[in-house]
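Work through the exercises below with the structure open. Try each task before reading its solution.

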Amino acid sequence: MSRWRPPTTPSTALITREGSECLRAELNDLWNTRRPEVVRALSAAAAEGDRSENAEYIYRKKQLGEIDRRVRFLSKRLEVLKVADISLAPTDKIFFGAYFELENEDGDIRLYRIVGPDETDAKLSWISIDSPLARAALNKMINQEFEVELPTGLTSFVVISIKYSL
């Protein structure tokens with residue numbers, strides 16, 4: 001059995017202004033607050049002596065590695081991401097950054113927002129622009145019906161409303 005995995009498809013390099021600010025704030029917090037705290041705790045643990053059996057030292061090394069990995073990822077990702085200017089989008093169609101309500105075949109109405117893959121949030125119903133539902137909803141207008149293949153099967157939706165701010 002091999003460990004080879006097929007390459008993943010690259011995600012869309014778009015982000016909303018709020019998403020970009022959130023990622024920058026996370027990077028700033030990791031680099032300027034959390035990392036120095038962990039480095040101080042690691043130094044204190046290293047000063048206690050034998051590192052091979054020092055659980056605190058081992059834990060802090062792992063924690064520092066996780067922080068450094070996330071900092072590297074965010075630094076590289078923020079260089080590539082482009083902040084989408086939502087103010088230029090026509091308000092009568094669904095585009096990146098739109099909040100829109102869909103009614104399904106059962107009459108259930110749900111509010112969604114199309115965002116970049118780095119800021120999706122299931123609790124808020126923020127869906128990635130790379131998702132099948134978002135791809136199918138792009139360029140749709142109010143009262144327009146469309147179908148999309150979801151994991152649960154082929155589903156029909158009708159666009160109820162479109163907004164670009166709440």
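Two strands count as paired if DSSP finds at least two bridges between them. The model is a predicted one.

**Exercise 1. The sheet**

Task: Find the order of the strands in the open sheet, and state how each neighbouring pair runs.

Solution.
- Step 1. Begin with β3, residues 99-104, and β7, residues 153-163. They are joined by 6 bridges and run antiparallel. One bridge pairs E103 with V158 of β7.
- Step 2. Move to β3 and β4. These strands share 5 bridges and are antiparallel. Y99 faces R113 of β4.
- Step 3. Go on to β4 and β5. Here 3 bridges link the strands, and the direction is parallel. V115 is placed opposite S128 of β5.
- Step 4. Assemble the order. The 5 strands run β5-β4-β3-β7-β6, with mixed pairing, in an open sheet.
- Step 5. Mark the edges. β5 (126-128) and β6 (145-150) are the edge strands, and each pairs on one side only.
- Step 6. Add the twist. On average, neighbouring strands of this sheet are turned by 45° against each other, direction ignored.

Strands of a sheet pair through backbone hydrogen bonds, in parallel or antiparallel fashion.

**Exercise 2. The turn between β3 and β4**

Task: Locate D106 and decide whether D106 is buried or exposed.

Solution.
- Step 1. Place the residue. D106 sits in the loop between β3 and β4 (109-115).
- Step 2. Check its accessibility. The relative accessible area of D106 is 65%. Exposed means over 50%. D106 is therefore exposed.
- Step 3. Look across space. D106 and F157 are 51 residues apart in sequence, yet their C-alpha atoms are 9.6 Å apart.
- Step 4. Inspect the hairpin. There are 4 residues between its strands β3 and β4, and G107 has a positive phi near 90°.

**Exercise 3. Helix α2**

Task: Compare the span of α2 with its expected value, then find what its buried residues pack against.

Solution.
- Step 1. Take the length. α2 covers residues 55-80, which is 26 residues.
- Step 2. Compare spans. From first C-alpha to last, α2 reaches 38 Å, close to the 38 Å expected at 1.5 Å a residue.
- Step 3. Look at the start. A side-chain oxygen of N54 comes within 3.2 Å of the backbone nitrogen of E56.
- Step 4. Collect the buried positions. Among them are Y57, R60, L64, I67, V71, L74 and L78.
- Step 5. Recall the geometry. An α-helix has 3.6 residues a turn, so residues three or four places apart point the same way.
- Step 6. Name the partner. The buried residues of α2 pack against α1 (17-46).

**Exercise 4. The nonpolar cores**

Task: Which elements give two or more residues to the largest nonpolar core?

Solution.
- Step 1. Size the core. The largest nonpolar core holds 23 residues. I94, F100, L102, I114, L133 and F146 have the most contacts inside it.
- Step 2. List the contributors. β3, β4, α3 (132-137), β6 and β7 each give two or more residues. α3 supplies the largest share, 4 residues.
- Step 3. Separate the other core. A second core of 15 residues includes L27, L42, A45 and L81.
- Step 4. Follow one member outwards. Setting aside neighbours within four places in sequence, L102 touches residues including I109, Y112, L133, F146, F157 and V159.

**Exercise 5. S128 and two positive phi values**

Task: Describe the surroundings of S128, then find where S125 and N139 lie.

Solution.
- Step 1. Place S128. S128 belongs to strand β5. Buried means under 20% relative accessible area. At 13%, S128 is therefore buried.
- Step 2. List its contacts. Beyond neighbours within four places in sequence, S128 contacts V115, G116, P117, T120 and A134.
- Step 3. Find its polar contact. A polar atom of the S128 side chain lies 3.0 Å from the backbone nitrogen of D130.
- Step 4. Turn to S125. This residue is in the loop between β4 and β5. Its phi is near 60°, a positive value in a residue other than glycine. S125 is buried, with a relative accessible area of 12%.
- Step 5. Finish with N139. N139 is in the loop between α3 and β6. Its phi is positive, about 70°, although N139 is not a glycine. N139 is partly exposed, at 42% relative accessible area.

Terms used
Residues numbered from 1 in each chain as written. Predicted model: local features only at pLDDT ≥ 70, side-chain atom pairs only at ≥ 80, totals over all residues. Heavy atoms only, no water. Axes fitted to C-alpha atoms, helices over the stretch in contact; angles between N-to-C directions. Expected span 1.5 Å × (residues − 1). Buried < 20%, exposed > 50% of the residue type's maximum accessible area, 1.4 Å probe, protein only. Contact = heavy atoms within 4.5 Å. Polar contact = N/O pair within 3.5 Å; in protein donor to acceptor, adjacent residues only side chain to side chain. Core = buried A, V, L, I, M, F, W, Y, C linked by side-chain atoms within 4.5 Å.
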